[in-house]
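Colleague: Could you take me through this model? I would like to begin with the way the chains meet.

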There are 2 protein chains.
Amino acid sequence: MNDKDNIAKSESTEQKIKEAARRVFTSKGYAGTRTRDIAEESGYNLALINYYFRSKEKLFEIIMMENLQLFIGSIIGMLNNEATSLDEKIDQLVTYYVDMLMVNPGIPVFILNLVNNNPSALFEGVLGGNTVSDTVFATQFKEQMKKKKLTIHPLHLFMNIVSLTVFPFASAPMIKAKNGISDEEYNQLMLERKILIPKWIKVMMDM
Amino acid sequence: MNDKDNIAKSESTEQKIKEAARRVFTSKGYAGTRTRDIAEESGYNLALINYYFRSKEKLFEIIMMENLQLFIGSIIGMLNNEATSLDEKIDQLVTYYVDMLMVNPGIPVFILNLVNNNPSALFEGVLGGNTVSDTVFATQFKEQMKKKKLTIHPLHLFMNIVSLTVFPFASAPMIKAKNGISDEEYNQLMLERKILIPKWIKVMMDM
DNA sequence: AGTGACATTAATCATCTGATTAAATCAACT
DNA sequence: AGTTGATTTAATCAGATGATTAATGTCACT
């Protein structure tokens with residue numbers, strides 16, 4: 001039996017279509033992409049995408065889940081890791097996001113669109129029930145605040161980390177266009193931020 | 001002559017359609033809104049929107065320009081104001097964005113989509129030719145850096161201000177949903193940030 | 001009341017788009 | 001070579017959508 005060839009072939013084109021769909025959906029959003037765009041981008045026929053993935057919507061859901069996983073899947077573990085200190089968590093978060101976003105710069109805008117157009121119920125499932133305030137991360141932060149006699153909501157810390165790290169990627173096209181900055185220069189700035197943001201965060205929370 | 005009544009009537013419905021379009025476009029994006037959505041949201045007939053604004057595209061351009069103006073129009077003046085100190089500029093920027101975004105929370109995602117889907121040429125016109133590095137703001141920052149024997153790209157400062165201020169609004173639906181936070185609580189957090197962000201920025205740039 | 005200009009509507013058109021179908025191609029095995 | 005099952009394609013369908021048109025309504029002025 002050489003289904004292997006068939007399967008290999010099949011998985012190959014299925015995979016190629018999915019990759020094409022990922023590129024198109026991530027850059028143009030759900031409403032903005034036509035099934036024909038995906039067909040063209042993948043190099044295959046229009047009917048193929050419905051043959052492999054029953055519908056445009058099903059295909060989108062797959063891409064959506066993968067992107068959501070990429071954006072928030074890994075960090076829950078980091079936030080709840082008992083073995084790392086608060087400072088280490090900050091380093092990890094920033095490093096994870098910068099590295100991931102340099103490879104997938106379209107993810108933030110994709111996620112933001114998702115969140116703005118979909119019923120929040122959808123995210124409950126993916127995100128799990130944990131609120132940021134219930135994480136080890138938040139507990140460690142609250143302890144530190146107590147020592148320094150400060151009171152800042154843990155959400156501020158979390159928002160600050162994510163904002164400083166993610167927003168420059170989301171707004172990259174605008175900043176590049178407006179400041180005549182090349183892709184290489186921009187990447188250089190992002191690499192600088194990978195070092196700077198943890199330092200910044202630490203002094204911010206130390207006021 | 002009582003064109004007044006006609007004009008008043010006309011401007012009223014034209015205005016109402018534009019407001020409806022603003023709401024729909026801002027929340028669903030260009031591809032995601034159907035002309036029929038705008039008609040329904042405005043309470044008027046489908047044909048009316050083409051009667052007043054030749055096409056969906058023309059109408060979108062109007063909304064787009066207004067939103068762009070809201071998002072970046074006012075800040076160029078702030079950045080180039082010779083009469084204010086760097087610290088005052090930071091305060092002004094944060095205050096402007098927080099106040100504006102509490103009224104128009106959909107603007108950031110709208111702008112980010114725009115920037116990701118459109119040719120950069122479009123923005124040249126709206127943004128004017130000024131790069132951030134050429135502003136009084138950047139000059140003042142460089143001077144301060146020189147005094148403190150530090151070297152940080154002015155763009156980092158600008159990105160930090162905008163990131164810390166704008167991103168929490170863009171990601172509000174996700175954060176609210178994930179943390180079970182009400183609109184009032186979230187607004188409260190944003191008001192706190194209006195005070196905190198300038199302080200944070202100042203210690204960050206003082207390391 | 002009649003006229004003219006603008007405002008509004010319902011009905012219709014042409015095109016786009018997601019999906020389906022039926023036929024053709026291909027690879028593996030007998 | 002023939003059979004079988006999976007893959008791929010071209011052609012087509014049905015519904016959605018942006019736009020247009022022709023008819024009707026409204027209002028000020030004569």
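Colleague: How many residues of each chain take part in the contact?
Modeller: In this predicted model, the contact takes 53 residues from chain B and 54 residues from chain A.

Colleague: And how much area do the two chains bury between them?
Modeller: The size of an interface is often given as the accessible area lost when the parts come together. For chain B and chain A that area is about 4700 Å², and 74% of it lies on carbon and sulfur atoms. Phe167(B), Met174(B) and Lys178(B) supply 15% of the area that chain B buries against chain A, more than any other three residues.

Colleague: Which helices of chain B supply at least two residues of that side?
Modeller: There are several, among them helix H1 (3-32), helix H9 (154-170), helix H10 (172-179) and helix H11 (183-204) of chain B. The largest share, 11 residues, comes from H9(B). By class, the side of chain B that touches chain A has 31 nonpolar, 16 polar and 6 charged residues.

Colleague: How many salt bridges are found across the interface?
Modeller: The rule finds 0 salt bridges between chain B and chain A. Across that interface, it does find 7 residue pairs in polar contact.

Colleague: Then how many salt bridges does the structure hold over all chains?
Modeller: The structure holds 18 over all chains. One of the salt bridges joins the side chains of Glu41(B) and Arg23(B), at 2.6 Å from N to O. Glu41(B) lies in helix H2 (residues 35-42) of chain B and Arg23(B) in helix H1 of chain B, so the pair ties together parts that are 18 residues apart in sequence.

Colleague: New topic: what rotation superposes chain B on chain A?
Modeller: A rotation of 180° does so, with 0.0 Å of shift along its axis and an RMSD of 0.0 Å. This is the relation of a two-fold axis. In addition, 100% of the interface residues of chain B are also interface residues in chain A, so the copies meet through the same surface.

Colleague: Lastly, what is the mean pLDDT of chain A?
Modeller: The mean is 91, and 90% of the residues of chain A reach 70 or more. Over residues 1-7 of chain A, however, the pLDDT is below 50. Beyond near neighbours in sequence, that stretch has 3 contacts in the model.

Methods
Residues are numbered from 1 along each chain as its sequence is written. Chains are lettered from A and ligands numbered from 1 in the order in which they are written. This is a predicted model: local features need pLDDT of at least 70, side-chain atom pairs count only at pLDDT 80 or more; totals for chains, interfaces and linings use all residues. Side-chain values use heavy atoms; hydrogens and water are left out. Contact means heavy atoms within 4.5 Å. Buried area is the accessible area (1.4 Å probe) that two parts lose on being put together, summed over both. A salt bridge is a side-chain nitrogen of Lys or Arg within 4 Å of a carboxyl oxygen of Asp or Glu. A polar contact is a pair of N or O atoms within 3.5 Å; within protein, one must be able to donate a hydrogen and the other to accept it, and residues adjacent in sequence count only if both atoms are side-chain atoms. Helices (H or I, at least four residues) and strands (E, at least two) are DSSP runs, numbered from the N terminus. Ala, Val, Leu, Ile, Met, Phe, Trp, Tyr, Cys and Pro count as nonpolar, Asp, Glu, Lys and Arg as charged, and the others, Gly among them, as polar. pLDDT is the predictor's confidence in each residue, from 0 to 100. Copies are superposed by least squares on the C-alpha atoms of residues with pLDDT of at least 70 in both.
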